[in-house]
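I opened this notebook to record how the parts of the chain pack against one another and which side chains sit in between. The entries follow the order in which I looked things up.

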Amino acid sequence: MDPATIAASVAALLAPYLKKAGEDFVGEAGKYVQEKAKVLWQKLRSKLDGDPPTKEALDHFEANPDANSAEFQAKIEEKVAQDQPLFELHIC
């Protein structure tokens, strides 16, 4: 999978999780997705927080996923292109 597709997929998965961080998703399927998104977000943070520009992009996306999705996707695409194994994070 190319870096742009990975970045777009990650943003699409995480945006609803971050927007609903203080609320419950509906039903068992929602709980499952919420937990997987939480794990992915935590792994992204632990892997990428050491790079100040990337941490800033993650902070912006976390604060407002809708307004900062493009910045987040661009940064994730850049990181995946540099380090393809980055997204072998095994969230399943």
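Entry 1, the pair H3 and H4. I began with the axes of H3 and H4, which come within 7 Å and cross at roughly 150°. Because an angle over 145 degrees counts as roughly antiparallel, I entered H3 and H4 as roughly antiparallel to each other. I noted the handedness separately, and the crossing of H3 and H4 is left-handed. For the residues that make this contact, I listed Pro53, Thr54, Ala57, Leu58, His60, Phe61, Glu62 and Ala63 on the side of H3, and Pro65, Asn68, Ser69, Glu71, Phe72, Lys75 and Lys79 on the side of H4. Sorted by class, the contact of H3 with H4 has seven nonpolar, four polar and four charged residues. I keep in mind throughout that this is a predicted model.

Entry 2, two polar residues from that contact. I looked up Thr54, which has its place in helix H3, and found a relative accessible area of 1%, so Thr54 is buried. Leaving aside neighbours within four places in sequence, Thr54 is in contact with Leu48, Lys75 and Lys79; of these, Lys75 and Lys79 are on my list for the H4 side of the contact. I then turned to Asn68, whose place is in helix H4 and which, at 18% relative accessibility, counts as buried because the cut-off is under 20%. Not counting residues up to four places away in sequence, Asn68 touches His60 and Phe61, and both His60 and Phe61 belong to the H3 side of the contact. I also noted a distance to another part of the chain: Asn68 and Ala15 are 53 residues apart in sequence, and their C-alpha atoms are 9.8 Å apart in space.

Entry 3, the pair H1 and H4. How do the axes of H1 and H4 cross? I found that the axes of helix H1 (residues 3-19) and helix H4 (residues 65-82) come within 8 Å and cross at roughly 140°, and I therefore entered H1 and H4 as oblique to each other. H1 passes H4 in a right-handed crossing. The contact is made on the H1 side by Pro3, Ala4, Ile6, Ala7, Ala8, Val10, Ala11, Leu14, Ala15, Leu18 and Lys19, and on the H4 side by Pro65, Asp66, Ser69, Phe72, Gln73, Ile76, Glu77, Val80 and Ala81. By class, the residues of the contact of H1 with H4 divide into 15 nonpolar, two polar and three charged. I marked Phe72 for the next entry, since Phe72 is listed in the contact of H4 with H1 and also in the contact of H4 with H3.

Entry 4, the aromatic rings. The structure holds three aromatic pairs, and I wrote down two of these in detail. Trp41 and Phe72 form a tilted pair, with 6.3 Å centre to centre and 40° between the planes. Trp41 lies in helix H2 (residues 27-48) and Phe72 in helix H4, so this pair ties together parts that are 31 residues apart in sequence. Trp41 counts as buried at 6% relative accessibility, and Phe72 counts as buried at 0%. Phe61 and Phe72 form a stacked pair, with 4.0 Å centre to centre and 10° between the planes. That pair links distant parts of the chain, with Phe61 in helix H3 (residues 52-63) and Phe72 in helix H4, eleven residues apart. Phe61 is buried, as is Phe72. I closed the entry with the cluster into which ring pairs link Trp41, Phe61 and Phe72.

Entry 5, a charged residue. Is Arg45 buried or exposed? Arg45 has its place in helix H2 and is buried, with a relative accessible area of 12%. Leaving aside neighbours within four places in sequence, Arg45 is in contact with Lys55, Leu58, Asp59 and Glu62.

Entry 6, the whole chain. I last looked up the overall make-up, which is four helices and zero strands, with the elements running α-α-α-α from the N terminus on. Buried residues make up 35% of the 92 residues in the protein. Among contacts between residues at least 6 apart in sequence, 59% join residues at least 24 apart.

Definitions and conventions:
Residues are numbered from 1 along each chain as its sequence is written. This is a predicted model: local features need pLDDT of at least 70, side-chain atom pairs count only at pLDDT 80 or more; totals for chains, interfaces and linings use all residues. Side-chain values use heavy atoms; hydrogens and water are left out. Axes are lines fitted to C-alpha atoms, for helices over the stretch in contact, and angles run from 0 to 180 degrees between N-to-C directions. Helices (H or I, at least four residues) and strands (E, at least two) are DSSP runs, numbered from the N terminus. Angles under 35 degrees count as roughly parallel, over 145 as roughly antiparallel, 65 to 115 as roughly perpendicular and the rest as oblique. A crossing is left-handed if the near helix is turned anticlockwise from the far one by less than a right angle, and right-handed if clockwise. Contact means heavy atoms within 4.5 Å. Ala, Val, Leu, Ile, Met, Phe, Trp, Tyr, Cys and Pro count as nonpolar, Asp, Glu, Lys and Arg as charged, and the others, Gly among them, as polar. Rings of Phe, Tyr and Trp (its six-membered ring) pair if their centres lie within 6.5 Å; planes under 30 degrees apart count as stacked, over 60 as edge-to-face and the rest as tilted. Buried means under 20% relative accessible area, exposed over 50%, partly exposed in between (1.4 Å probe, protein chains only).
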